[in-house]
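Subject: Handing over the structure

Hi there,

Here is the structure I promised to pass on to you. Have a look at it first, and then read on for my notes on what turned up in it.

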Amino acid sequence: MRSFLSLVFLCSTLWATDSLAVKNTGLPVGSKAPGCYAKTLDGKDFFLSRYVGPRARQELSGPVAFSFFTTFCVPCRNEIPYLHTLKKEYPALNIYMINIREDPKIVRSFAEKMNYTLPILLDRYGKIAENYSAVVTPTLVLIDKDGKIAFYKRGFEKSDTTLIANQFKRLSEK
């Protein structure tokens, strides 16, 4: 019995360690943001390269924020309204919500119900989330005008608002 309990303890310790490793890894700040293409909820094309990096279009050029979310994510329901507030404060930042693997009809209904007005990109197959290591929702990624990761954060708590606001301010000043 003692060896069985030891095995259970060892397995649970390894599982917890692995879970923490997943939560605490992501894209390193300063690394090149993975390129991406997606359709918006409105059916328009979105290419990250139009906004950041050497090929950015002058009229669109500027920092980009991605918030990866799902309609059933409770912390997302707290982060997204806060991002709406930040959009008003920092209008030059291009903020996009990226829905992961959900039907566009469900996403549209949810966005309307919640009165979300930020543009929504559809990651129908989870490829963008995979490339951005967004294994937890919400995941917030800030990308500077040069196409480098400026900030990366998984999860959201009310206490995160000051940290996030400071990052948006820093990015808007560059």
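Read from one end of the sequence to the other, the protein chain runs α-β-β-β-α-β-α-β-α-β-β-α. That makes five helices and seven strands. Please keep in mind that this is a predicted model. Of the 174 residues in the protein chain, 43% are buried. If you take the contacts between residues at least 6 apart in sequence, 64% of them join residues at least 24 apart.

Let me start with two helices. Helix H2 covers residues 74–89 and helix H5 covers residues 161–173; they pack at an angle of about 35 degrees, and their axes are 11 Å apart. Their crossing is right-handed. On the H2 side, Tyr82, Leu83 and Leu86 take part, and they meet Thr161, Ile164, Ala165 and Phe168 of H5. Sorted by class, this contact has six nonpolar residues, one polar residue and no charged ones.

Next, the aromatic rings. How many aromatic pairs does a search of the whole structure find? The count is twelve, and I will describe two of them here.

One is the pair of Phe68 and Tyr132, which is tilted, with 5.8 Å from centre to centre and 40 degrees between the planes. Phe68 sits in strand S3 (residues 64–69), while Tyr132 belongs to the loop between helix H4 (127–131) and strand S6 (139–143), so this pair ties together parts that lie 64 residues apart in sequence. Phe68 and Tyr132 are buried.

The other is formed by Tyr90 and Phe168; this pair is tilted, at 6.4 Å centre to centre with 40 degrees between the planes. It links distant parts of the chain, with Tyr90 in the loop between H2 and strand S4 (94–100) and Phe168 in helix H5, 78 residues apart. Tyr90 and Phe168 are both buried. You will recognise Phe168 from the helix contact above, where it is one of the H5 residues that H2 meets.

There is also an aromatic cluster to look at, made up of Phe46, Tyr51, Phe66, Phe68, Tyr96 and Tyr132. Phe68 and Tyr132, the tilted pair described above, therefore turn up again here as members of the cluster.

Now to the cysteines. The structure holds one disulfide, and it joins Cys73 to Cys76, with 2.3 Å from S to S. The link between Cys73 and Cys76 is right-handed, with 85 degrees about the S-S bond. Both of these cysteines, Cys73 and Cys76, are buried. Cys36 also counts as buried, because its relative accessibility is 12% and the cut-off is under 20%.

Two buried residues may help you find your way around. Ser67 lies in strand S3, and its relative accessibility of 1% is why Ser67 counts as buried. Beyond its neighbours within four places in sequence, Ser67 is in contact with Glu79, Leu83, Tyr96, Met97, Ile98, Pro138, Thr139 and Leu140.

The second is Leu27, found in the loop between helix H1 (2–24) and strand S1 (37–40). Leu27 counts as buried because its relative accessibility is 16%. Residues up to four places away in sequence aside, Leu27 touches Pro34, Asn131, Tyr132, Ser133, Ile149 and Tyr152. The C-alpha atoms of Leu27 and Asn131 are separated by 9.1 Å, although the two residues are 104 apart along the chain.

Finally, a few points about the backbone. Most residues other than glycine have a negative phi, and most peptide bonds are trans. Where does a cis peptide bond occur? It joins Thr137 and Pro138, with omega at about -5 degrees. Pro138 is placed in the loop between H4 and S6, and it is one of the contacts of Ser67.

Two residues that are not glycine have a positive phi. Arg101 has a phi of about 55 degrees and lies in the loop between S4 and helix H3 (104–114). Its relative accessible area is 54%, so Arg101 is exposed. Asn115 has a phi of about 60 degrees, and its place is in the loop between H3 and strand S5 (120–123). With 62% relative accessibility, Asn115 counts as exposed.

Happy exploring, and best wishes!

Definitions and conventions. Residues are numbered from 1 along each chain as its sequence is written. This is a predicted model: local features need pLDDT of at least 70, side-chain atom pairs count only at pLDDT 80 or more; totals for chains, interfaces and linings use all residues. Side-chain values use heavy atoms; hydrogens and water are left out. Axes are lines fitted to C-alpha atoms, for helices over the stretch in contact, and angles run from 0 to 180 degrees between N-to-C directions. Helices (H or I, at least four residues) and strands (E, at least two) are DSSP runs, numbered from the N terminus. A crossing is left-handed if the near helix is turned anticlockwise from the far one by less than a right angle, and right-handed if clockwise. Contact means heavy atoms within 4.5 Å. Ala, Val, Leu, Ile, Met, Phe, Trp, Tyr, Cys and Pro count as nonpolar, Asp, Glu, Lys and Arg as charged, and the others, Gly among them, as polar. Rings of Phe, Tyr and Trp (its six-membered ring) pair if their centres lie within 6.5 Å; planes under 30 degrees apart count as stacked, over 60 as edge-to-face and the rest as tilted. Buried means under 20% relative accessible area, exposed over 50%, partly exposed in between (1.4 Å probe, protein chains only). A disulfide is a pair of cysteine sulfur atoms within 2.5 Å.
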